[in-house]
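Hello,

Here is the structure we talked about handing over. My notes on it follow below the model.

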Amino acid sequence: QDADIALVHKPPGIAVHPGPGDQGITVAHGLLHVFRELGAEDWGNRPGIVHRLDKPTEGILLVARNPSAHKILSRQFHDRTVKKTYCAWLMSTPPHVKGEINAAIKRHPRDRMKMRIDPTGRSAVTKYEVRQTLVLLRGKNLHGRKFAFVDVDLLTGRTHQIRVHMASM
């Protein structure tokens, strides 16, 4: 951290900020506790937050510690000049070592907390590259199951994009 930014490790299972259906403790609450200066501004329920990670996702968040840094970082994320790479374990192996998924994503019509592939949704593009594959040699109901460790680059930023696109393969 410095006077303008902080990098925060977000563990899986914690939401970045309060939202529909999730009013528990969030990263935003922790930020207000650790960085008291964030409470001095009217950030709404997203103090210093310029991007987010899904609740089940573990990763590093870049946080703005003042309004000037927030404006600059928000512009960089909006303009996609920030390079983000995600790493994911898949419960199967993709059809190719490298690939691109270009499939629109839309909120599920009945379960509003889920997203799905839908041609009438918003454009979504994901690139991936397999780094490692594993085959389980033991374990009840998992013997012989293949897993893949992949690097993922998002060309768009849709809710649950990695999860939805990887599941579509």
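**Salt bridges**

Asp118 and Arg116 form a salt bridge, with 3.2 Å between the closest N and O atoms. Asp118 is buried, at a relative accessible area of 10%, whereas Arg116 is partly exposed at 32% relative accessibility. Before the rest, please keep in mind that this is a predicted model.

The structure holds 10 salt bridges. Arg52, Asp54 and Arg163 are joined into one network by salt bridges that share partners.

Another pair is Lys127 and Glu100, whose closest N and O atoms are 3.9 Å apart. Lys127 belongs to strand β7 (residues 125–135) and Glu100 to strand β4 (residues 98–102), so this salt bridge ties together parts that are 27 residues apart in sequence. Lys127 has a relative accessibility of 38% and counts as partly exposed. Glu100 is also partly exposed, because its relative accessible area of 47% falls between the 20% and 50% cut-offs.

Asp79 and Arg75 meet through their side chains in a salt bridge as well, at 3.2 Å from N to O. Asp79 is partly exposed at 42% relative accessibility, and Arg75 is partly exposed with a relative accessible area of 47%. As background, side chains of opposite charge can pair when their charged atoms come close.

**Overall layout**

The protein chain has 3 helices and 8 strands. Read from the N terminus, the order of elements is β-α-β-α-β-β-β-β-β-β-α. Along the principal axes, the C-alpha atoms fill a box of roughly 55 × 40 × 35 Å. The chain has 169 residues, of which 36% count as buried. If you take the contacts between residues at least 6 apart in sequence, 61% of them join residues at least 24 apart.

**Strand β1 and helix α3**

Strand β1 (residues 5–10) has alternating side chains. Ala6, Val8 and Lys10 point to one face and are buried, while Ile5, Leu7 and His9 point to the other face and are not buried. In a regular strand, side chains alternate between the two faces of the sheet. Note that Lys10 is among the buried residues of β1; its bridge partner in β2 is Gly59. Strands β1 and β2 run antiparallel and are joined by 6 bridges.

In helix α3, the buried residues include Gln161, Ile162, Val164, His165 and Met166. The elements that cover the buried residues of α3 include β3, β4, β5 (105–107), β6 (115–117), β7 and β8.

**Pockets**

The largest pocket has a volume of about 1,400 Å³. It is lined by 43 residues, and those closest to its centre are Arg52, Leu53, Tyr86, Leu154 and Ile162. Two or more lining residues come from each of β2 (59–64), α2 (67–78), β3 (86–90), β8 and α3 (161–168). By class, the lining of the largest pocket has 20 nonpolar, 12 polar and 11 charged residues.

Two of the residues closest to the centre of the largest pocket appear elsewhere in these notes. Arg52 is part of the salt-bridge network with Asp54 and Arg163, and Ile162 is one of the buried residues of α3.

The second largest pocket has a volume of about 510 Å³. Of its 19 lining residues, Pro20, Asp22, Arg52, Met113 and His160 are the closest to the centre. Its lining divides into 7 nonpolar, 5 polar and 7 charged residues. Arg52 is thus named for the centre of the largest pocket and for that of the second largest pocket.

**Lys146**

One further residue to look at is Lys146, which is found in strand β8 (residues 146–154). Is Lys146 buried or partly exposed? Lys146 is partly exposed, with a relative accessible area of 48%. Leaving out residues up to four places away in sequence, Lys146 touches Leu90, Met91, Ser92, Thr93, Leu134 and Val135. Leu136 is 10 residues from Lys146 along the chain, and the C-alpha atoms of the two are separated by 6.6 Å.

Regards

Key:
Residues numbered from 1 in each chain as written. Predicted model: local features only at pLDDT ≥ 70, side-chain atom pairs only at ≥ 80, totals over all residues. Heavy atoms only, no water. Helix = DSSP H or I, 4+ residues; strand = E, 2+ residues; numbered from the N terminus. Buried < 20%, exposed > 50% of the residue type's maximum accessible area, 1.4 Å probe, protein only. Contact = heavy atoms within 4.5 Å. 1 Å grid on protein atoms, 1.4 Å probe; cavity = no way out; pocket = protein on both sides within 12 Å on 5 of 7 lines; lining within 4 Å. Points joined across faces, edges and corners; volume = space filled by probe spheres on them. Nonpolar A, V, L, I, M, F, W, Y, C, P; charged D, E, K, R; others polar. Salt bridge = Lys/Arg side-chain N within 4 Å of Asp/Glu carboxyl O. Pairing = 2+ DSSP bridges.
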